[in-house]
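Here are my notes on the model you sent over. Keep the structure open while you read and click through to each spot as we reach it.

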Amino acid sequence: MTATFTLEEINKVAKDILATPCLKKVITFHATMGVGKTTLIKELVKEFESKTGETIYHFDFYRINNEMEAYDMGIDEYFYSGNWCFIEWPEKVPHLLPLDHASIVIRSLPNGKRELLLKND
């Protein structure tokens, strides 16, 4: 799935993501600082809470120093719990990520819009 959107259209993008057939429950979010990862995740969580009541974990690894910190907090138990896991800055924990996960890449466009690419294979 690819989408171009403004931050005002983020609700529709969240709904489109959630409508993806067989969407994997572990999703990594890749983007530079300030592009809208957290804003999108908050919208996804809001959609889930209003519709399903499922457990959702949101991890922001920006301030983590090494993978051992994440491992010591039991991150593998969360990732393999069967619950939704939204992961910001996954490049900080590359060896701990499940092989079977979806990824979202967001980049800022010159016109102020965002481009999103969802890989769910």
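**Notes on the sheet, the cores and two cysteines**

1. Let's begin with a pair of strands: strand 5 and strand 6 run antiparallel to one another and are joined by 6 bridges. Strands and helices here are DSSP runs (E, at least two residues, for a strand; H or I, at least four, for a helix), numbered from the N terminus. Two strands pair if DSSP finds at least two bridges between them. The two strands make a hairpin with 5 residues between them, and in its turn glycine 112 has a positive phi of about 90°.

2. A word on what you are looking at. This is a predicted model, where local features need pLDDT of at least 70 and side-chain atom pairs count only at pLDDT 80 or more, while totals for chains, interfaces and linings use all residues. Residues are numbered from 1 along each chain as its sequence is written, and side-chain values use heavy atoms, with hydrogens and water left out.

3. Now zoom out to the whole sheet. It is open, has 6 strands in the order 1-6-5-2-4-3, and its pairing is mixed. Strand 1 (2-5) and strand 3 (56-60) are the edges, each pairing on one side only. On average, neighbouring strands are turned by 15° against each other, direction ignored; the axes behind that angle are lines fitted to C-alpha atoms, for helices over the stretch in contact, and angles run from 0 to 180 degrees between N-to-C directions. As background, strands of a sheet pair through backbone hydrogen bonds, either parallel or antiparallel.

4. Which strands run parallel to strand 4? Strand 3 does, with 5 bridges, and so does strand 2, with 4 bridges. On the strand 3 side, tyrosine 57 sits opposite cysteine 85 and phenylalanine 59 opposite isoleucine 87. On the strand 2 side, threonine 28 also faces isoleucine 87. Strand 4 is mostly covered, with 5 of its 5 residues buried (buried is under 20% relative accessible area, exposed over 50%, partly exposed in between, with a 1.4 Å probe and protein chains only). Trp84, Phe86 and Glu88 point one way, Cys85 and Ile87 the other.

5. Serine 103 is a nice residue to click on. It belongs to strand 5 and is buried, at 16% relative accessible area. Threonine 28 stands opposite serine 103, in keeping with the 4 bridges that join strand 2 and strand 5 in parallel. In strand 6, the bridge partner of serine 103 is lysine 119. Skipping neighbours within four places in sequence, serine 103 is in contact (heavy atoms within 4.5 Å) with Thr28, His30, Leu117, Leu118 and Lys119.

6. Helix 1 (residues 10-18) has four buried residues to find: Ile10, Val13, Ala14 and Ile17. Down the helix axis they fall within an arc of 100°, so they line one face; the arc is that of the directions from the helix axis to the C-beta atoms. The general rule is that an α-helix has 3.6 residues a turn, so residues three or four places apart point the same way.

7. Next, the nonpolar cores (sets of buried Ala, Val, Leu, Ile, Met, Phe, Trp, Tyr and Cys residues joined through side-chain atoms within 4.5 Å). The largest has 23 residues, and Ile17, Ile27, Phe29, Leu40, Phe86, Ile104 and Leu116 touch the most other members. Helix 2 gives the most to this core, 5 residues. Isoleucine 27 touches Trp84, Cys85, Phe86, Ile87, Ala102 and Ile104, not counting residues up to four places away in sequence. A second, separate core has 13 residues, including Phe59, Ile64, Ala70 and Trp89.

8. How many disulfides does a search of the whole structure find? The search finds 0, where a disulfide is a pair of cysteine sulfur atoms within 2.5 Å. For cysteine 22, the nearest cysteine sulfur is that of cysteine 85, 18 Å away. Cysteine 22 counts as exposed at 75% relative accessibility, whereas cysteine 85 counts as buried at 0%.

9. Last, two phi values to check. Most residues other than glycine have a negative phi, and most peptide bonds are trans. Cysteine 22, in the loop between helix 1 and strand 2, has a positive phi of about 55° although it is not a glycine. Tryptophan 89, in the loop between strand 4 and strand 5, has a positive phi near 60°. Tryptophan 89 is buried, with a relative accessible area of 14%.
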